[in-house]
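Visitor: Could you take me through one part of this structure up close? I would like to see how side chains meet one another, through their charges and through their rings.

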Number of protein chains: 2
Amino acid sequence: LATTETGSRLSHLSCRACCTDLPSDRPAGVCPTCGGALLAEYDLGAFDARAWWHGLRDRDRTLWRYRELLPVADDRHLVTLGEGGSPILELTPSSDDGIRLLAKDDGGLPTGSFKARGMAVAVSRCVELGRTDLFVPSAGNAALALAAYGARAHRRVRVYVPDGTLPTLIASCRAYGAEVRTRPGTLREVGAAARTEEQGSGGFDLSTLREPYRVEGKKTMGLEIVDQTGPNGVPDAIVYPTGGGTGLVGMHRAFELLRSVGLLERIPRLYAVQPEGCAPVVRALRDDSPRVDPWADPHTIAPGLLVPAPFASERILEAVRATRGAGVTVSDRAIVESMRRLQREHGLSVSPEAAAPYAAVSELLRTRAVRPGETVLLYLTGTGLPFSIDALDAALGPGDQTRT
Amino acid sequence: LATTETGSRLSHLSCRACCTDLPSDRPAGVCPTCGGALLAEYDLGAFDARAWWHGLRDRDRTLWRYRELLPVADDRHLVTLGEGGSPILELTPSSDDGIRLLAKDDGGLPTGSFKARGMAVAVSRCVELGRTDLFVPSAGNAALALAAYGARAHRRVRVYVPDGTLPTLIASCRAYGAEVRTRPGTLREVGAAARTEEQGSGGFDLSTLREPYRVEGKKTMGLEIVDQTGPNGVPDAIVYPTGGGTGLVGMHRAFELLRSVGLLERIPRLYAVQPEGCAPVVRALRDDSPRVDPWADPHTIAPGLLVPAPFASERILEAVRATRGAGVTVSDRAIVESMRRLQREHGLSVSPEAAAPYAAVSELLRTRAVRPGETVLLYLTGTGLPFSIDALDAALGPGDQTRT
C-alpha cells in the first residue's frame, strides 16, 4: 500500500543540554554525560522533501506514512495497531467569538489515546534494537498503550501506576498480559519507585523523554496536522493539555523539521494547558524561568496532567517559547464542564485531559492570546469512553461542583 | 481537503421484495406497499468510475471520500465525527494453518464501533430531509452512535435498550443528551415496544434496515476493504459477526456496485458468524430456507448478536448466498477465549461481538470453508474498552467457563 524506496533517515542521537552526540544503532536512555533527554537526529542532506511530500498521498493513513522521518529502519520491525491519521473536526462555535475552532481527536487511536503514537514508535525501535523486557511508570494511558504494543510485539511488560488508578484500566493492562504494579504518590513518586525497583532487572525504561523514541512518535501529531490542513492552512494556535509535555516537544520538532526542509513557513503557536492544581509548566512560562520547578501539593481530577515535575522541562519550555505560545491554567470544575459540553453540544466524548484545551479557550480569548479571525486547534488526547462524568463531578469538592 | 466536483449519485429508493420504486427526496422508512426494506439506488450511467477511483487518493480518509456512492446530496448536511478509514491489520498466525489472517478494526471509530458508519450517514440524511426527532431500539452500540451523531447534529434522540444493558453505556448515551428508555426482552421485544410507544410521536425510526440509509453507511466497510487492499488484493473470505445483518447487506452492496462499474472482478465470500445460543441466520443458511425464522429462547453474552429475528432477512441470506459464503456458529466460551487471545497475543482489545469471527476461524478451516493459501479478513466491529473479560467469564454458566 505504501512506497518504501527510502526508509528512515535516522542519523544519530544528540543531547541538546550538553551537546553530546551518540550513535543511534544501540539502545539508549538518557544522556550518559549529563542525564538529559536524548533526541533523534536525521540526515536530510539528500532528502527530496517536495517529492516525498507529494508521494504521501499514495500511502496509507497510519503514522508510518512518515517513516523517513521516524527512527525505525526496517519495516519488518514495525509494531502497528493501525495508529495515526486521526480526524480534524470543525467545532461549531457556540458563541460569537470570531475564531475558527478545530479539534484533532486522538480518542480513536489504539487504546483510546495519543499515547499510542509514542509507544508504537518506541516499541518498534525496541524490537529493532533487541529489547525484550520493557517498563513504564504512567498515570494510565501510557501504561495501557505500552501493554498493548508490548503484547503485539510479544515483549515482557511491567507498568507502574499510582494507587487509585481506574480499576478498569488496570484490568485492561493485565488482559494484555502486562504486570501491573501500583505505587503511592503522583507520577513523580511512582516513576522514582519504578526506576529504583528496576535497577538490575534488565528492564528498559520507557518513561517520558527518558528514551529518545516516544517523542518521535508524538512528532507525528505535528506532521499530521500539516499533512491534513496543508502547509498554508495550518492553525494559528494549537492548544495542548500538558502533563509530561512530550507532545509539545514532538509537535515543535515536527514543525521545525518541516520548516528546515522548506515544506512549512508559518509555525503554529503552542499553548500549554494545565490544571490549576498542578501547573508547573505554566508557572515557569509566566515567571520566565529557565526550567520547571516541582509543584508542591499537586492535585487534579485529570490523571494524565498530575505531573508535578516533568522531565527535560527545558525542551517543553523551548517548544512553547520558540513558537511564541504561552501557558494557561484551567480549573477542575471547568474541565468537567467542558467534558459535558463537548459531549452534549459537539457529540465528542473525551477524557478529562482532552477537555482541558476546550476549557482554556475563553481564557485565551480574554487575554487576547488568540484573536478573532484566527484558527485554533484543540488537541483532544483521549477518549471519554472509560470515564463517568458524574463520578468526576462527585469527586470535585463541594465548593467546586459543576452542578448542584 | 477533498474534491467535490460530482456529489451524490443517489437516484431513488427501491424495494427488492415487491419491486416498488420510490423517490428519494423525502423521508422514508419501510416499503409502503409490502413493508420490506427500502434500498438506495444510484444513477451511475455517466459515472467515470476509473477516474473517480484514481481521484480517491487525494481525498481524506473518512467514509465521505465515497460521497458519490452515498446518499447525502449537500456537503453542508454532513454530520461527521471523522468516521471511517479503519486500519486493516495483519494477525500473525498462531498455528501453522496456512491462511493469511487479516483484521479490519472498527474499534477506533467514534463511539467505539462500526455503528458509527451507519449512523453518520443516516443522521446526515435526516438532517438533509429535515427530520429533527430520532429514535432507535438497540442492544447498545447503535444507541450510543445515534446519541453521538444526534448530539453533533442537534437532533432530539430517544434510544430503547434492553434491561441489563451496561450502565456505563446508558450513562454515555445520557451524557450525549439522549433520552434512554430501558425495556424488557431482547432486541425483538425492545424494538416492538419502541415502535408501539413512538406511534404518533413524530419520531423517526432508525431501526436496522427499517430506513434506507444506515445500510449505505455500512456499505463503506466493503468500499474501504477494496480501497485499502486494492481490487486485486481483496480477501478471499470475510468473516462477520451477524446480529441485525446490515453489515453483510452493506458489504455485498458495495462489492456488487464496484463490480457493476468495472472496478472489481472477484467478490469475497461472506461468512455470517452467530453465537450458538442465537443463530437464526446460520440456521436458515444451513436449512436452505428462503427466510430467517425467529430463534426461540435466545441467549448469548454478546449483546449485539442477541437478535432472534432480524428484519429483512432475505437481504442477509442473499448477501451470503450470492457470494458463496456460509454461516458458522461459535460458543460463548469460544467468544470469551477469543477476546483473551486477541488481547494477549495480538494486542487487540475487542468487544464480544468482534471476537466472534476470530472464534470461527478454526471451524471454517475444519470444514474447509476456507483453505490454506487463502486470505481471510475478520471484521472487528467494536472496541473492548468498556468490557471486562473477567466479568464476561463469570457470566458464563459453571459448565461454560473459559478458565477454572
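Guide: Let's begin with a word we will need: a residue is called buried when its relative accessible area is under 20%. Please keep in mind that this is a predicted model.

Now look at the ring pairs, of which there are twelve over all chains. Take B:Tyr240 and B:Tyr379: their ring centres are 6.0 Å apart and their planes stand at 70 degrees, so this pair is edge-to-face. The reasoning is short, because planes over 60 degrees apart count as edge-to-face. Find B:Tyr240 in strand β10 (residues 237–241) of chain B and B:Tyr379 in strand β13 (residues 375–380) of chain B; the pair therefore ties together parts that are 139 residues apart in sequence. Here our definition comes in: B:Tyr379 counts as buried because its relative accessibility is 0%. B:Tyr240 is buried too, with a relative accessible area of 2%.

Rings can also join in a group. In chain A, ring pairs link A:Phe47, A:Trp52, A:Trp53 and A:Tyr66 into a cluster.

A ring can have a charged partner as well. A:Arg210 lies over the face of A:Phe311, 4.1 Å from the ring centre. In chain B, you can find B:Arg210 over the face of B:Phe311, at 4.1 Å from the centre of that ring.

Next come the charged pairs. Over all chains, the whole structure holds 58 salt bridges. One of them joins A:Arg183 to A:Glu197, with the closest N and O atoms 2.6 Å apart. A:Arg183 belongs to strand β8 (residues 179–183) of chain A and A:Glu197 to helix α5 (residues 187–197) of chain A, so this bridge ties together parts that are 14 residues apart in sequence. Both partners are partly exposed: A:Arg183 has a relative accessible area of 22%, and A:Glu197 has 35%.

Stay in chain A for another bridge, where the side chains of A:Arg181 and A:Glu179 meet at 2.7 Å, N to O. A:Glu179 is partly exposed, at 34% relative accessible area.

A:Arg67 and A:Asp75 also form a salt bridge, at 3.2 Å from N to O. Here the two ends differ in how they are covered: A:Arg67 is buried, with a relative accessible area of 10%, whereas A:Asp75 is partly exposed at 32%.

Finally, salt bridges can form a network, and this one links A:Lys104, A:Asp106, A:Arg117 and A:Glu224.

Conventions. Residues numbered from 1 in each chain as written. Chains lettered and ligands numbered in written order. Predicted model: local features only at pLDDT ≥ 70, side-chain atom pairs only at ≥ 80, totals over all residues. Heavy atoms only, no water. Salt bridge = Lys/Arg side-chain N within 4 Å of Asp/Glu carboxyl O. Buried < 20%, exposed > 50% of the residue type's maximum accessible area, 1.4 Å probe, protein only. Helix = DSSP H or I, 4+ residues; strand = E, 2+ residues; numbered from the N terminus. Phe/Tyr/Trp six-rings, centres within 6.5 Å; stacked < 30°, edge-to-face > 60°. Lys NZ or Arg CZ within 6 Å of the ring centre and 35° of its normal.
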